[in-house]
Structure formats: C-alpha cells, structure tokens
Amino acid sequence: MLEGIIIKGIGGFYYVKVGDRIYECRARGLFRKNKIIPLVGDRVLIKINKEDNTGYVEEIYDRTTELIRPPVANVNQAVIVFAVKKPDPNLWLLDRFLLLASYQGLDAIICINKSDLDVDGEIDNIYDIYKKAGYQIIKTSCTNRIGIDELKRQLKDKITVFAGPSGVGKSTLLNNIQSNLKLQTGEISQKTSRGKHTTRHVELIELDSGGWVVDTPGFSTLDIDFIKEDELIKYFIEVYDRSSLCRFSGCSHNKEPGCEVKKAVEEREISQSRYDNYLSMLQEVKDIRRY
Ligand SMILES: Nc1nc2c(ncn2[C@@H]2O[C@H](COP(=O)(O)OP(=O)(O)OP(=O)(O)O)[C@@H](O)[C@H]2O)c(=O)[nH]1
Ligand SMILES: [Mg+2]
Ligand SMILES: [Zn+2]
C-alpha cells in the first residue's frame, strides 16, 4: 500500500498525491457503509490496481482538524485576506473569520492586501487594531510585490486555507507566491458570462517551497450560531485576557462598574471596533439561543 494525501475529490473519485504521482481512487465500500466521507487533506493509504493504475482508498488517518466550509481535513492555519480598498475592508466580517478560525483550532494570519491602493493611511489603522489584539498580520500588494515573500515563508510545511471576501486578491496572492499556479482571478473570470470572480473547486495545491494551500471562493456571510454564549469571549482573546480582572465574576463587560474590559477600551488597549463587534456577536448568539 502507498501513503498519500487527497488533493481533490470529484464525483466519487479521489485524487491522491504520492510523491510526484497522482492516483485516481475510489473509496472502499466500507467507508460508505460507515458514513465516513474522505476529505481533501486526508492522509490515506491506497491500494493500486497494477493494470490501470487506479486505486482504492483503504485507510484514512486520524484528522487533526476538520473544516466544513471548505470541506478540508488537517488544515493548520488560515490566511484571512482583506483589501485596503476594492472592496473596502469590513472589520465586522474580519472578526467573524478570526472567530471561526480560532473555533476550528486554526492559527490565523491576517493579510491586508492591495496596500498599493492605500492613500489615507487606512492600512495602518487596521494594522494597529489587530496587532494590539495579538494577531499576526502582513501587509501585501500583488501589484507592487510587497510582502509576498514574507507571506510565502509563513506557508512552509503547513496546510493553509486562504479565506476572505470575494475580490480581495486571494487567488492573485497565490499566483504571486508560485507563478505556475495560474488560478483564475477577477479580471479573467469577469470576462466570462458568469460576470463574477469565482474560485470553485476545493483543491489542495502543493507549493514548491514546501506546504500546501487551499484557495476558496469569497464568503460574504458567516454563521456563528453554533457558538455558545459563554464561550464566545474565548475567541476574542484580548477581551478574554482582561475579563479575569473584572470586579464581578459574572461581568458582561457592558455596563457594570469595575469592568476592566471597558477600562481597557477607554485606555485604547482594546480597540473600540473589536469591543463593539464582541458585544454585537454576543447579542447575536444570545438571540439565537432564545428561539
Ligand atoms: N491594486 C491591486 N489589485 C489587486 C491586488 N491583488 C489582486 N488585485 C486585483 O483584484 C481583483 C480580484 O482578485 P482575485 O485574486 O480574483 O480575488 P479573490 O479574492 O480570489 O476573489 P474570489 O475568488 O472571487 O473570492 C483582480 O482584478 C486582481 O487583479 C493588489 O495587490 N493590488
Ligand atoms: Mg479567487
Ligand atoms: Zn467586565
């Protein structure tokens, strides 16, 4: 048997990469019976039929992580891409991406792309908010080739998902990281009849420099309804860190006296936008629970 990794799945076929070779495989019937669905990113053992070089997935190794959207196993980190302009950054959505990355056990790297379009210092504003919150953040420009090598270094030997709204430059960044990828980007697909930037197939792409990446289509909404009300705060790490110092143990960090979180916001150690988004998502999660 050979050991490999599933890089693509289409219509019941799984494409398993073993070194430089890719084998077309079916899943063993047993998986179907046990309702186990092989995922892109799965490390597997396959048995090859010598006659036609197709194979069967015989065994799937335990997964370290399992994403639902996109459906990929064993992802270690997410690069969450936003643009300075075109489209304008939406920090509320960025905070949701960060929340979900953390919830799913992924390390997050924020990538602020299109830095060439920054005229009024907006990029530094965003940079400060997320540096303060403890995130790793990289400023990039595909047009001026800024930050690309730094980003590339962060991908080495990891499985990384690129996520973020449509049109921010996820596919363009990947094309710049490795020029032979030729992923479809905004300009090309806009010429097609669909008239929208699109990245559709879930595929694991191996980088020459080591590591794997997954490009995803842009999301403009993200559900957080499965997150428990009293757990939400853990995903706003800088708020969580402060909350242990509040006077009341049941402090909701909203109106109570002696709230250290509010104090940190007043002293600008926690950013107003992060705090506001925390409170609004808390309300959202509470409202869902009630019905
Ligand atoms: N000015 C500028 N434009 C960029 C930069 N990076 C990408 N673009 C442009 O932004 C547009 C969208 O880029 P894509 O790479 O298709 O965006 P995407 O995030 O993959 O979009 P979806 O696949 O729809 O989610 C294209 O026209 C790119 O040429 C950049 O750094 N600066
Ligand atoms: Mg794309
Ligand atoms: Zn408090």
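Two strands count as paired if DSSP finds at least two bridges between them. That cut-off is met by strand 1 and strand 2 (residues 13-18), which 5 bridges join in the antiparallel sense. The model described here is predicted.

## The barrel

Strand 1 and strand 2 form a hairpin. Between the two strands are 2 residues. Glycine 11 sits in the turn and has a positive phi of about 50°. Within the pair, glycine 9 stands opposite tyrosine 14 of strand 2.

This hairpin belongs to a closed arrangement. A barrel is formed by 5 strands in the order 1-2-3-5-4. Its pairing is mixed. From one strand to the next, the twist averages 55°.

Both senses of pairing appear in the barrel. Strand 1 (residues 2-10) also runs antiparallel to strand 4 (residues 43-48), over 4 bridges. There, glutamate 3 has leucine 45 of strand 4 as its bridge partner. Strand 3 (residues 21-27) is instead parallel to strand 5 (residues 55-60), and 3 bridges join them. Arginine 26 is partnered by tyrosine 56 in strand 5.

## The open sheet

A separate group of 6 strands makes an open sheet, ordered 8-7-6-9-11-10. Pairing in the sheet is mixed. At the edges are strand 8 (136-139) and strand 10 (204-206), each of which pairs on one side only. Neighbouring strands are turned by 25° against each other on average, with direction ignored.

Strand 8 pairs with strand 7 (residues 107-113) in the parallel sense, over 4 bridges. Isoleucine 109 stands opposite glutamine 136 in strand 8. Helix 5 packs on this sheet. The helix touches strand 6 (77-83), strand 7, strand 9 (159-163) and strand 11 (212-215). Its direction makes about 140° with that of strand 9.

As a general rule, side chains in a regular strand alternate between the two faces of the sheet.

## Loops with marked backbone geometry

Two cis peptide bonds precede prolines. One runs from arginine 69 to proline 70, with omega near 0°. Proline 70 is in the loop between strand 5 and strand 6. The other joins lysine 86 and proline 87, with omega about 0°. Proline 87 lies in the loop between strand 6 and helix 2 (91-103).

Lysine 114 has a phi near 60°, a positive value in a residue other than glycine. Lysine 114 lies in the loop between strand 7 and helix 3 (122-132). The side chain of lysine 114 also reaches the ligand, as the table shows.

## The ligand site

Which residues come nearest to ligand 1? Of the 23 residues around it, they are Cys142, Ser166, Thr172, Gly186 and Gly218. By class, the shell has 5 nonpolar, 14 polar and 4 charged residues.

The table lists polar contacts to oxygen atoms of ligand 1. A pair of N or O atoms within 3.5 Å qualifies.

| Residue | Atom on the protein side | Distance to an oxygen atom of ligand 1 |
|---|---|---|
| Lysine 114 | side-chain N or O | 2.9 Å |
| Cysteine 142 | backbone N or O | 2.7 Å |
| Glycine 167 | polar backbone atom | 2.9 Å |

Taken alone, ligand 1 exposes 660 Å². The protein buries 89% of that area.

Which elements give two or more residues to the shell? They are helix 5 (170-177) and helix 6 (186-191). Helix 5 gives the most, with 3 residues. Helix 5 thus links two parts of this account: the helix packs on the open sheet, and it contributes to the shell around ligand 1. Cysteine 142 appears twice as well: it is among the residues that come nearest to the ligand, and one of its backbone N or O atoms lies 2.7 Å from a ligand oxygen.

Key:
Residues are numbered from 1 along each chain as its sequence is written. Chains are lettered from A and ligands numbered from 1 in the order in which they are written. This is a predicted model: local features need pLDDT of at least 70, side-chain atom pairs count only at pLDDT 80 or more; totals for chains, interfaces and linings use all residues. Side-chain values use heavy atoms; hydrogens and water are left out. A residue is near a molecule or strand if one of its heavy atoms lies within 4 Å of it. A polar contact is a pair of N or O atoms within 3.5 Å; within protein, one must be able to donate a hydrogen and the other to accept it, and residues adjacent in sequence count only if both atoms are side-chain atoms. Accessible areas come from the Shrake-Rupley method with a 1.4 Å probe; for residues, only the protein chains shown count as cover. Ala, Val, Leu, Ile, Met, Phe, Trp, Tyr, Cys and Pro count as nonpolar, Asp, Glu, Lys and Arg as charged, and the others, Gly among them, as polar. Axes are lines fitted to C-alpha atoms, for helices over the stretch in contact, and angles run from 0 to 180 degrees between N-to-C directions. Contact means heavy atoms within 4.5 Å.
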